[in-house]
Amino acid sequence: MKATGVVRRIDDLGRVVIPKEIRRTLRIKEGAPLEIFTDKEGQIILKKYSPIGELSEFATEYAETLAKTTGHIACITDKDTVIAVSGGSKKEFLEQNISEELEKVIDDKEVYNSKENNNISIPVTRTDNRERKYNSQVVYPIISDGDVIGTVILLSKDSNTKMTEVEQKVVQSAANFLGSQMEI
């Protein structure tokens, strides 16, 4: 654990203010859910809550099925990180923070498709160096109870591959299924 040097008092309603600098650094937005943990030493730990993170084992299996079925790299993200990857480098994607461009796709509830290979694919993680790594890409939001909770992504590095309507429908089905699992 890293000390910040910030001290806050609890108000009469039991609230503690998380400083703006920390919220900005950790990308905690107003209304964002936080999980509360305690440990044996009496520490209180706040962690960003990821509803789809509860399905991480299931999401990993689903990503493996997508990769085997389509022959492409499959990634599943929550609103902050890549939680599952198959068909590609786990080191490159898994548990990496998602890019600002992907965050915008999530915030706008957009479907992104670079099907003609003439669109630059959006970076998946913050460590992508804006270089064109993928020749085709489909990004579909996972929606649960009207809120976007993550994305399903198919990527291809093959310069001859184009994402067709089939890949779009497969990704859409995966996103809809994962979203429906969160509503149960």
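**Notes on two pockets and two helices**

1. Let's start with the largest pocket: β2 is its top contributor, giving five residues to the lining. Keep in mind as you read that this is a predicted model.

2. How much space lies in that largest pocket? About 1,100 Å³. Its lining takes in 31 residues, and those closest to the centre are I18, I22, I44, I45 and L46. If you want to find the pocket by its secondary structure, look for α1 (20-25) and β2 (44-48), the elements that give two or more residues to the lining.

3. On the chemistry of the largest pocket, the lining splits into 17 nonpolar residues, nine charged and five polar.

4. Now for the second largest pocket, which holds about 400 Å³ of space. There are 20 residues around it, and A32, P33, Y49, K79 and D80 are the ones that lie nearest its centre. Here the elements giving two or more residues to the lining are α4 (100-107) and β7 (147-156).

5. What is the lining of the second largest pocket made of? You'll find 10 charged residues there, along with eight nonpolar and two polar.

6. Since α4 has come up, here is a bit more on it. Its buried residues are L102, E103, V105 and I106. Note that a glutamate, E103, is in that buried set. Looking down the axis of α4, the buried residues fall within an arc of 155°, so they line one face of the helix.

7. Which elements do the buried residues of α4 pack against? The partners are β3 (73-77), β6 (136-144) and β7. β7 also appears with α4 in the lining of the second largest pocket. After α4 comes K109, with a positive phi near 55°.

8. The other helix to look at is α2, residues 56-70. With 15 residues at 1.5 Å a residue, α2 should span 21 Å, and its end C-alpha atoms are indeed 21 Å apart, so the expected and modelled spans agree.

9. Which side of α2 is buried and which is exposed? The buried residues are A59, Y62, A63, L66, A67 and T70. Seen down the helix axis, they fall within an arc of 135°, so they line one face of α2. On the other side, E57, K68 and T69 are exposed. Take care with the two threonines when you colour this helix: T69 is exposed, while T70 is buried.

10. Finally, the residue that follows α2 is G71, and its phi is positive, near 80°.

Definitions and conventions
Residues numbered from 1 in each chain as written. Predicted model: local features only at pLDDT ≥ 70, side-chain atom pairs only at ≥ 80, totals over all residues. Heavy atoms only, no water. 1 Å grid on protein atoms, 1.4 Å probe; cavity = no way out; pocket = protein on both sides within 12 Å on 5 of 7 lines; lining within 4 Å. Points joined across faces, edges and corners; volume = space filled by probe spheres on them. Helix = DSSP H or I, 4+ residues; strand = E, 2+ residues; numbered from the N terminus. Nonpolar A, V, L, I, M, F, W, Y, C, P; charged D, E, K, R; others polar. Buried < 20%, exposed > 50% of the residue type's maximum accessible area, 1.4 Å probe, protein only. Arc of directions from axis to C-beta. Contact = heavy atoms within 4.5 Å. Expected span 1.5 Å × (residues − 1).
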